[in-house]
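Trainee: Could we go through this assembly together, one question at a time, with the reasoning spelled out before each answer?

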Number of protein chains: 4
Amino acid sequence: MVKVGVVGSTGYAGAELVRILAGHKNVELTVLTSRQYANIQFSNVFPSMAGIVHLECEEMSMDNLCEKADVLFLALPHKIPMQIVPNFLKRGKKIIDLSADFRLKNAFTYERYYQPHCAKELLDKAVYGLCEVYKDKIKNTDFIANPGCYPTSVLLPLIPLIKAKMIDVKTIVVDSKSGVSGAGRSLSLTTHFCEVNESLKAYKVTKHRHKPEMEEILSCVVETDIKITFVPHLIPMTRGMYTTIYARLAQKLDFNDIQNCISEYYYNRPFIRICPENIQPDTRNVKGTNFCDIGLAIDDTNNCLVLMSAIDNLVKGAAGQAVQNMNIMLGFDETVGLMNASAPI
Amino acid sequence: MVKVGVVGSTGYAGAELVRILAGHKNVELTVLTSRQYANIQFSNVFPSMAGIVHLECEEMSMDNLCEKADVLFLALPHKIPMQIVPNFLKRGKKIIDLSADFRLKNAFTYERYYQPHCAKELLDKAVYGLCEVYKDKIKNTDFIANPGCYPTSVLLPLIPLIKAKMIDVKTIVVDSKSGVSGAGRSLSLTTHFCEVNESLKAYKVTKHRHKPEMEEILSCVVETDIKITFVPHLIPMTRGMYTTIYARLAQKLDFNDIQNCISEYYYNRPFIRICPENIQPDTRNVKGTNFCDIGLAIDDTNNCLVLMSAIDNLVKGAAGQAVQNMNIMLGFDETVGLMNASAPI
Amino acid sequence: MVKVGVVGSTGYAGAELVRILAGHKNVELTVLTSRQYANIQFSNVFPSMAGIVHLECEEMSMDNLCEKADVLFLALPHKIPMQIVPNFLKRGKKIIDLSADFRLKNAFTYERYYQPHCAKELLDKAVYGLCEVYKDKIKNTDFIANPGCYPTSVLLPLIPLIKAKMIDVKTIVVDSKSGVSGAGRSLSLTTHFCEVNESLKAYKVTKHRHKPEMEEILSCVVETDIKITFVPHLIPMTRGMYTTIYARLAQKLDFNDIQNCISEYYYNRPFIRICPENIQPDTRNVKGTNFCDIGLAIDDTNNCLVLMSAIDNLVKGAAGQAVQNMNIMLGFDETVGLMNASAPI
Amino acid sequence: MVKVGVVGSTGYAGAELVRILAGHKNVELTVLTSRQYANIQFSNVFPSMAGIVHLECEEMSMDNLCEKADVLFLALPHKIPMQIVPNFLKRGKKIIDLSADFRLKNAFTYERYYQPHCAKELLDKAVYGLCEVYKDKIKNTDFIANPGCYPTSVLLPLIPLIKAKMIDVKTIVVDSKSGVSGAGRSLSLTTHFCEVNESLKAYKVTKHRHKPEMEEILSCVVETDIKITFVPHLIPMTRGMYTTIYARLAQKLDFNDIQNCISEYYYNRPFIRICPENIQPDTRNVKGTNFCDIGLAIDDTNNCLVLMSAIDNLVKGAAGQAVQNMNIMLGFDETVGLMNASAPI
C-alpha cells in the first residue's frame, strides 16, 4: 500500500480526491490537511464520508506530510504550490499538483494571467498530466501538473484531429458550459443558490485563464502558434462540463473519417468513449466518473465540424485525472479506483 | 376592449398567452380552446390562474371562434394552422400564428424541414413578426407569423451588424442553450425530470428546423445567401434561452463601434437592453419578461466578435412577442401588458 | 401618487418590494437605500430592473428618507428597525417593518429568541399585519409589523379552525418546507448552490425563531396558551414555502365541515384560494404572487386533520403582504399591484 | 461467482441494480430483461454504462432466466411478480422481489390497496427484507420481499423506539419528502421537468399504498394495532428521501436516552449512521449510497420527539437494500459492493 496525502482536502477537488482515494485498493490515505478545518474530523466537514474516512484534518506542515506520505496531491489555490513543491521534490516525494502553477511552460504567459512565479526553474520539469496524450512522460516523472477542467474537455477531442491536420486551426471556436462546482467551495454571490438556479450566463468572455493553457498545448502539438476563441458559461447544475467546438474542416471529410481518427488515436484508452453518429454526449452519463465522452457532427452546408465533449469537471477535470496520473506514475493499471459507472440518473 | 381568443391554450405557449392577455388592459379574453381539456375550466388545468381566469376550455370550432373573438392567437402544433388560417382570414379575423407554418417564404424549404404545405398562397402574405425589425410591416397586416424562439435570440443581435456589414457573414457560428419548456408540455423521456436535471447535452446538431428560418431572414436582410452553423443545447432549467454567436469582424472594430451600431438600430425600442462592457446577459434577468438582453465582447487576438443574447423562450420567444405583435397591429403602445420586470431572483 | 421608500432595498425582500412597487399604479417609488450598494444604480445591482427602475441606491439617512417619502418599508436585519422606527413615527411617517422587531407583543419572548429590545414601548402599538385576520386594525394604524413567512403559512389555514374549536390545539404539528431565498442574499455555505442543490434537510429543529411568533398569535386568538411542534426544512428551489399541519380533530368532522369553516372565514378575501377535495396546493401555483393556496384532507383511521398551505415566501411571506398592508392602510383596494397570476410553469 | 439476473432492468430501480451489481466482486451479471428495450444493448439505453456493461436486454423468458442465473432480482411493476415468482421458486431460484406483491402478509390489505392476489400461499413464505431488522430471517430464506422506499425510511428510525416503548404509538405523524425518481421512469405530467422543477406539493395525502405496509410491520413489531398519519411530498430533486417523524414520548426522556436506544439496536450495522446532537441528516450525504442517516431532537415544551431519516430512495430504498439482502442470503459480508461514499457534493 502506497501512502498518500491530500494537501487542501476540504475544497471540492480535495474532497473528491479523498472520496476516490478512500476506495482505491492500492493506496492508503494517511494525511489530510485543511487550513480552515484543522483539527476537525474530515467526516464532520463532509458527513457523507462518515464511516468511511476516519482521519482528522491537520494544518499543513512540510515535515509531517513528508513523514506520513510518499505521494502528495496538492489541491490548493494557485500561488501556494509553487512555494512548496521545490521542497517536496527535494525530499523525494511524488507530486500531483492540481493548481495552475506548473501547467504553463511559458513563465511570461503565467505571470500575465496569474502572478509572479517563484519557481520558474521547475516549469520544464513538470509533466502536463493529460493522461491520454502524455502517458509516456507521466510514467517517467515524479511531478505532474494536472490539467485544468476546460483544457481537458477541449484538448481531448481536438488533439487527434489537429495532429492529423484535419481542421483549419485558425477557425477554432470553443463554447464551454460548466456546472457550478467549478467555481469552488468558497463563498460568492456567483455561487449563491438563488443567483445561479434557473440562470445561465457567459463569464470571463475571451479572457478566461484556461485559454492560454489550451493554446500552449495545442500550439506545442502542431508546432505552430494557435489562437482560439473561448467562451465559458455557467450552468445551473452542480457537476459536469460540456464543450462544443466548432472548426472548418481542412478538406472534405465525413463522419467516419473524423470518428476513425479519434478512435485510432485513443485505441484501448478506457476513459475515452466515442458516441455513434447522431448520438451526442450528455454530462449525466459521465457524472461522478473519469470518462470523457466525445461526439461529433459535420455541417455539410459550410464544411464545419462540430465536436462535443462531456466530462465531470471534478473527476476527469480534476481529482479523477489526478488519480489516473498517480496510477500511471506508480505503474498501476490506469483504471484502478476509477472504473465506476455513473448512476443511470 | 378588443375581443381575443387563444386557440390551443393549454400548451405552455398557449397558457403563457392566457397569463399575459389576462393582465392586458385593452383586451378581453373571450375564448380558449383545448383539444385535450375541452369542457374543463382553464383554472383547473392551470390552478395558478384560479381567481384570475374564469373561462372554460372549448373544442376548436371555426364558427364559435369567429363569433367570439376578433383577434386569434394560434398556439397549435405545426401543420394545423395552415389548414385553418385561410378561413379565418376570409372572415376578416386578425391572426397571430405561433407555429412555423407561415414563417418561411420559401415553400420548398418548409416542405423539406416540415411537411407538405397546403396554403402556399398565403406564405407571401404573412408578415414575419420580429417586432423590432419589421414594425412597419406589422402595423399594416392582419396576419403575423410569430418567429421561433431560437431565431428571435439570434436575429435580434445579428441583424444590425450584418446590415452595417461589420461581420464576415461566412463565419457565423451560433451556439444556443435552451430551458426545457422549449420542448413543450407533451410527454417524452427528453423532458422527464430525472433525465434532464443535472444534465446537459446538444441535440439536433446542425439539423434543427430553426436553422433555415434564421438563414432565410438573414439572407433576405443582406440580399445574399447566408449559411450559419447552429447547435442547440438543452439546459436543466425551466425557462430561458441563451445564444452565443461567434463571427469574424469584417474590419478592425472595437466594443464601442459594435455597441453603437446595435444601440442606434434599436433606438427607443423598449424591449432591447444592451449590456455595458464586461457585463454579460443572464437569462435570470429576462425571465417572465419580453426583454431581449444583448451583450458583446471582442477577442483581439483573432478579431472574433462574440455576441450574447438572453430571452425568455416563452415570452419574447413566443407569447410575449405575439402580444407585442398584436399591440403593434392594433395601434396600441407596443409595451401594453408586457412591461413587468423579472423578479430579482 | 403616494411617495414610498424602501429602506434596505438590495436584499431579496427589499428587491421584491421594489419590483412590486414599481408596477403599483397608486404609488411613486422615490427613495431606495442600501448600505452595501450606496451610490450605485439599483438596476446595476439587479439588471432585471433595467429600463424599469431608475433610482440610485442611497445611504440610509433619516432626514433624506422623511423628506422623500410618506410611507417607508423597512427590509432590514432584525435589531436595526427598533432603533429607527420611533423616530419615523414621531415624524408622522407610515411604517411597514418586515423584520421581527415588533412582531411579538411579549418583550421577554423577543429578548429570549433575538436580543435586548430598545423600543419596548412600541410593541403594543405595532399591528401584526396578517392581512386576512387583522384587516380592521391595519386600516387604523400607521405602523405594521409584517408577519414572518413561516407564521403566515401556518396561521392562515389554522386560525379559522382553532377559532371554531374544530381541532385539539394540544396536538398541532407543523412541518414546513422553504425555498432557499428564505435564507436571504448574504453568503453562507448553507446557500452555496452545490451544497443545497439535490439536497434536503431539516434545520433549527424545534428551535426556529418563528415558533414563538406563531404561538403568540395562536394563543391570543383562542385566549389559551398554545404550544406547537415546528420543524422547518430547506428545499432545493429558489422560492416557495409549503406547510403541512397535522392535528387531531376535536370531534368527528368531514372534508366539507373543514372546508366550509375556512371558506366562510375568508369569504371575499381575494388572496386565499381553497383547493377542492383531493387536489393539493403546489408552490408553483403561487410563485411570484400574493396568493395563499390551502388544501386539506382527513385521515379517518385516526381522526387526524392534514392542512396544507403554499405561499411564495418573498411575496405573501414578505414583500407582497407588506404592499397589501400598505393598500389597506391607505384605503386602496387591497389587490392593487398584486393581482398577477403565477406563470403556468 | 454467483450468476445473477435483473428482470426489468431498464426502469430506474432496475438500472440502479445493474450499476451496483456490475461493480460487485462476488457476482456475475448474466442476464437482463426489458420489455421495452428487448434486443437492444443495455448501454445504448443507459450510455452511462458504456464500457462497463456489455449485455443486451432480452425479452423475459422463464427458461432463459432460469438457465442463465441463480439469483434473480425482480424490478417489475406490481402484479407481474406474483404471477412468476411461484415458478422461479419451484425451480430453486433465489428471488429478491422489489415490487409490493409480497410485502404485506395480510392479503386482504393487499387487495384493498392494489389488486386481487394470485399467489396468496406465498405471502407467509416471503421474508420482508428490512436488513437491519430481519437479518436472521433473511439468512435463511430464498425469497425476499424488498421493502418500499417510504417504509424503509420510516421503519428504521422508529422500530428501536417502539420496541423500547419510548413513544406513544397513537401519536405517530410521518411527513415524508421524496425526489422525483421515486415516481419511476414512465412518462406522466407529474414527472415533466417543467411541472416539477421549482415546485413542491403533497400527494396521495393519507392514502398512499406504503401506509399499510408501515402499519403492518409496526403493528407486528409491538403486537398491537398501530395506525399512523402519513403524508408524502414530491421534491424537485432527482434522488433522495427525507422522512420527519413526530411522536409524543411515552415518558420524560432526553436526547441521549433516545440516541442510545437507536445506537444499541443498530450496534455494528454499517449502513446506519446516527447524527450527533444538533446535526441533522441531509439527503446529499447518502446520495448514491446504501446508508440511512438518522437524526433526532426533542421539543421540551410539549414532550414531542422529532426523528429524521435520510436515504437514497433508489439505493437503500430499492436496489441497494436488494443487493444487501442478496449478500446476507448468500452469506457474503453485507457491505460487498455497497460501501462507497456519497460524493461530497
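Trainee: In which segment of chain C is the place of C:Val336?

Mentor: This is a predicted model, in which local features need pLDDT (the predictor's confidence in each residue, from 0 to 100) of at least 70, side-chain atom pairs count only at pLDDT 80 or more, and totals for chains, interfaces and linings use all residues. Residues are numbered from 1 along each chain as its sequence is written, while chains are lettered from A and ligands numbered from 1 in the order in which they are written. Helices are DSSP runs of H or I with at least four residues, strands are runs of E with at least two, and both are numbered from the N terminus. On that numbering, C:Val336 lies in the segment after helix 11 (315-330) of chain C.

Trainee: Is C:Val336 buried, exposed or partly exposed?

Mentor: A residue is called buried if 20 or more other C-beta atoms, placed from the backbone, lie within 10 Å of its own, exposed if 12 or fewer do, and partly exposed in between. For C:Val336 the count within 10 Å is 17 other C-beta atoms, so the residue is partly exposed.

Trainee: Which residues is C:Val336 in contact with, leaving aside its neighbours within four places in sequence?

Mentor: Contact here requires that the C-beta atoms of two residues, placed from the backbone, lie within 7 Å. C:Lys25 is 311 residues away from C:Val336 in sequence, yet their C-alpha atoms are 7.5 Å apart in space. With the neighbours within four places set aside, the contacts of C:Val336 are C:His24, C:Lys25, C:Asn26 and C:Asn327.

Trainee: What relation between chain C and chain B does their superposition show?

Mentor: The copies are superposed by least squares on the C-alpha atoms of residues with pLDDT of at least 70 in both. A turn of 180° and a shift of 0.0 Å along the axis lay chain C on chain B with an RMSD of 0.0 Å. That is the relation of a two-fold axis.

Trainee: Which residue of chain C has the C-alpha nearest the axis?

Mentor: The axis in question is the one about which a turn of 180° lays chain C on chain B. At 4.5 Å from that axis, the nearest C-alpha in chain C is that of C:Glu198.

Trainee: How do the residues of the side of chain C that touches chain B divide by type?

Mentor: The contact takes 27 residues from each of chain C and chain B, and helix 1 (residues 12-22) of chain C gives the largest share of the chain C side, five residues. Because 100% of the interface residues of chain C are also interface residues in chain B, the copies meet through the same surface. Ala, Val, Leu, Ile, Met, Phe, Trp, Tyr, Cys and Pro count as nonpolar, Asp, Glu, Lys and Arg as charged, and the others, Gly among them, as polar. By that scheme the chain C side has 13 nonpolar, nine polar and five charged residues.

Trainee: How do the residues of the side of chain D that touches chain C divide?

Mentor: Here 38 residues of chain D are in contact with 38 residues of chain C, and the elements of chain D that each supply at least two residues include strand 11 (241-248) and strand 13 (292-299). A rotation of 180° with 0.0 Å of shift along its axis superposes chain D on chain C, with an RMSD of 0.0 Å. The chain D side divides into 18 nonpolar, ten polar and ten charged residues.

Trainee: At which residue does helix 11 of chain D bend?

Mentor: Helix 11 (residues 315-329) of chain D has 15 residues, but its end C-alpha atoms are only 18 Å apart, short of the 21 Å that a straight helix would reach, where the expected span is 1.5 Å times one less than the number of residues. All the same, 15 of the 15 residues of this helix are buried, so helix 11 of chain D is largely enclosed by the rest of the structure. The bend is the angle between axes fitted to the seven residues ending at a residue and the seven starting there. It is about 45° at D:Gln321.

Trainee: Is B:Glu198 buried or exposed?

Mentor: B:Glu198 is found in the loop between helix 8 (193-196) and strand 9 (201-202) of chain B, and has a positive phi of about 55° although it is not a glycine. With 23 C-beta neighbours inside 10 Å, B:Glu198 counts as buried.
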